[in-house]
Amino acid sequence: KWTIMCLKEFMRKGQLGLNERKVCIKIRLRSFEDPSVFLNFNQIVKTMLHELAHMLHFNHSANFYRFFEKLQCDYMDTNVDEPKIAKDPFPGIGRKLGGG
């Protein structure tokens, strides 16, 4: 059983996700080039599963990749349908959240 104390959005260039000492997972949700554009839903899910795999295997070892693949298969088994997302999943005026 895992406990994630925090889940945050972040915008570090060249990186999609980060697992900080099994305490905080940071995931990029938006394009670095244009922060008003969200990344593809499936890419976000894959990044989250990658970071969750680091809960068991810190380094990118063969064991890590086997476990990452298992998480992806488990996700696909429980989510057989494509996500039902409207053409514009975030209608209205966007507002930047957080600092800066």
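Here are some notes on this predicted model, taken point by point.

1. Start with the disulfide. A search through the whole structure turns up one. Cys6 and Cys24 make the bond, and their sulfur atoms sit 2.1 Å apart. The two cysteines come from distant parts of the chain: Cys6 belongs to strand E1 (residues 6–9) and Cys24 to strand E3 (residues 24–27), 18 residues apart.

2. On its geometry, the torsion about the S-S bond of Cys6 and Cys24 comes out at about -135°, so this is a left-handed disulfide. The burial of the two partners is worth a look as well. Cys24 is buried, with a relative accessible area of 5%, while Cys6 has 23% relative accessibility and counts as partly exposed.

3. While on cysteines, a word on Cys73. Its relative accessibility is 40%, so Cys73 counts as partly exposed. By its number, Cys73 falls within helix H2 (residues 62–78), which is the next topic.

4. Helix H2 has 17 residues. From first C-alpha to last, H2 reaches 25 Å, close to the 24 Å expected at 1.5 Å a residue.

5. Which residues of H2 are buried? Phe64, Phe67, Phe68 and Leu71 are. These four cover an arc of only 105° around the axis, so they lie on the same side of H2. Turn to the other side of H2 and you find Arg66, Glu69 and Asp77 exposed. As for what covers the buried residues of H2, helix H1 (41–53) is included.

6. Now the core. The largest nonpolar core has twelve residues in all: Ile25, Ile27, Ile44, Val45, Leu49, Leu52, Ala53, Met55, Phe64, Phe67, Phe68 and Leu71. The buried residues of H2 named above, Phe64, Phe67, Phe68 and Leu71, are therefore on this list too. E3, H1 and H2 each supply at least two residues of the core, and H1 gives the most, with five.

7. Leu52 is a handy place to look at that core from. Setting aside neighbours within four places in sequence, Leu52 is in contact with Trp2, Ile4, Ile25, Phe67 and Leu71. Of these, Ile25, Phe67 and Leu71 are listed in the core along with Leu52 itself.

8. Thr47 is a polar residue to check in helix H1. Is Thr47 buried or exposed? With 7% relative accessibility, Thr47 counts as buried. Not counting residues up to four places away in sequence, Thr47 touches Leu16, Gly17 and Ile27. Ile27 is one of the core residues.

9. Lys26 sits in strand E3, and its burial deserves a second look. At 19% relative accessibility, Lys26 counts as buried, because the cut-off is under 20%. What does Lys26 touch, not counting residues up to four places away in sequence? Lys8, Phe10, Leu16, Gly17, Leu18 and Glu20. With Glu20 there is also a polar contact between the two side chains, at 3.3 Å.

10. Finally, Lys26 and Thr47 together. They are 21 residues apart along the chain, and their C-alpha atoms are separated by 9.7 Å. Leu16 and Gly17 are among the residues touched by Thr47, and Leu16 and Gly17 also appear among those touched by Lys26.

Definitions and conventions:
Residues numbered from 1 in each chain as written. Predicted model: local features only at pLDDT ≥ 70, side-chain atom pairs only at ≥ 80, totals over all residues. Heavy atoms only, no water. Disulfide = S-S within 2.5 Å. Buried < 20%, exposed > 50% of the residue type's maximum accessible area, 1.4 Å probe, protein only. Expected span 1.5 Å × (residues − 1). Arc of directions from axis to C-beta. Contact = heavy atoms within 4.5 Å. Core = buried A, V, L, I, M, F, W, Y, C linked by side-chain atoms within 4.5 Å. Polar contact = N/O pair within 3.5 Å; in protein donor to acceptor, adjacent residues only side chain to side chain.
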